[in-house]
Amino acid sequence: EMVQRVVCFFGTSNALLGLTVVSVGASSPDVMSSVVAARRGLGDMAVSNALGSNIFNALCGLGIPWLLSTTVGVVVTISSRKGIFDTAVLLLVCTLLYGFSFLLNGFMLDKAVGIILFVVYCGFLAFQAISYLNGSIQR
């Protein structure tokens with residue numbers, strides 16, 4: 001209900017708000033537990049938590065509702081194929097950057113790698129916002 005009020009107040013859509021605010025709120029607990037683990041010197045656990053929670057969210061958060069919908073006979077349609085393509089490209093780019101940065105840094109995750117991945121994510125958000133404002137992404 002609060003999200004709907006914010007959407008009405010700013011005159012934006014659920015898609016744009018979901019891309020930013022709701023995703024931050026949903027990921028906050030995972031971020032906090034990763035930060036605590038990293039501060040305790042358990043960097044492997046922090047990275048595993050970040051990757052594992054995102055993989056779980058993607059597979060179960062999308063897969064289970066889709067499975068249940070198709071099981072009861074509801075046809076699932078994708079309204080914006082461009083958004084899915086953009087997200088798949090970002091996932092591929094981040095995976096390659098992550099792998100190459102580990103390979104080049106001797107399998108160490110340092111501040112430079114974190115900054116690179118953060119800049120890629122910010123670029124993706126900017127690209128999505130511009131695409132939305134230009135009308136390339138359906139509202």
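Serine 34 is buried in this predicted model, because its relative accessibility is 12% and the cut-off for burial is under 20%. The residue sits in helix α2, which covers residues 14–39. Which residues does serine 34 contact, once its neighbours within four places in sequence are set aside? They are Ala46, Asn49 and Ala50. These three positions fall within the span of helix α3, residues 43–71.

Helix α3 has 29 residues. From first C-alpha to last, α3 reaches 41 Å. That is close to the 42 Å expected at 1.5 Å a residue. Glycine 73 follows α3. The phi of glycine 73 is positive, near 95°.

Helix α2 also holds threonine 20. Is threonine 20 buried, partly exposed or exposed? Threonine 20 is partly exposed, because its relative accessible area is 30% and the partly exposed class lies between 20% and 50%. Serine 34, at 12%, counts as buried. The two residues of α2 thus fall on either side of the 20% cut-off for burial.

Threonine 20 can also be placed against a residue far along the chain. Alanine 129 is 109 residues away from threonine 20 in sequence. In space, their C-alpha atoms are 9.8 Å apart. Position 129 falls within helix α5, residues 111–134.

Helix α5 has 24 residues. Its span from first C-alpha to last is 34 Å. The expected value at 1.5 Å a residue is 34 Å, and the span is close to this. Which residues of α5 are buried? They are Val113, Phe124, Gln128, Ser131 and Tyr132.

The chain as a whole contains five helices and zero strands. Along the sequence, the pattern reads α-α-α-α-α. The C-alpha atoms fill a box of roughly 45 × 35 × 30 Å, taken along the principal axes. The chain has 139 residues, and 14% of them are buried.

Contacts were also sorted by separation in sequence. Of those between residues at least 6 apart, 44% join residues at least 24 apart.

The accessible surface of the chain comes to about 10,300 Å². Carbon and sulfur atoms account for 73% of that surface. The chain carries 7 positive and 5 negative side chains. The centres of these two sets lie 7 Å apart.

Terms used: Residues numbered from 1 in each chain as written. Predicted model: local features only at pLDDT ≥ 70, side-chain atom pairs only at ≥ 80, totals over all residues. Heavy atoms only, no water. Helix = DSSP H or I, 4+ residues; strand = E, 2+ residues; numbered from the N terminus. Buried < 20%, exposed > 50% of the residue type's maximum accessible area, 1.4 Å probe, protein only. Contact = heavy atoms within 4.5 Å. Expected span 1.5 Å × (residues − 1). Areas by Shrake-Rupley, 256 points an atom, 1.4 Å probe, with all protein chains shown as cover. Lys, Arg positive; Asp, Glu negative; His and termini not counted. Charge placed at Lys NZ, Arg CZ, Asp CG, Glu CD.
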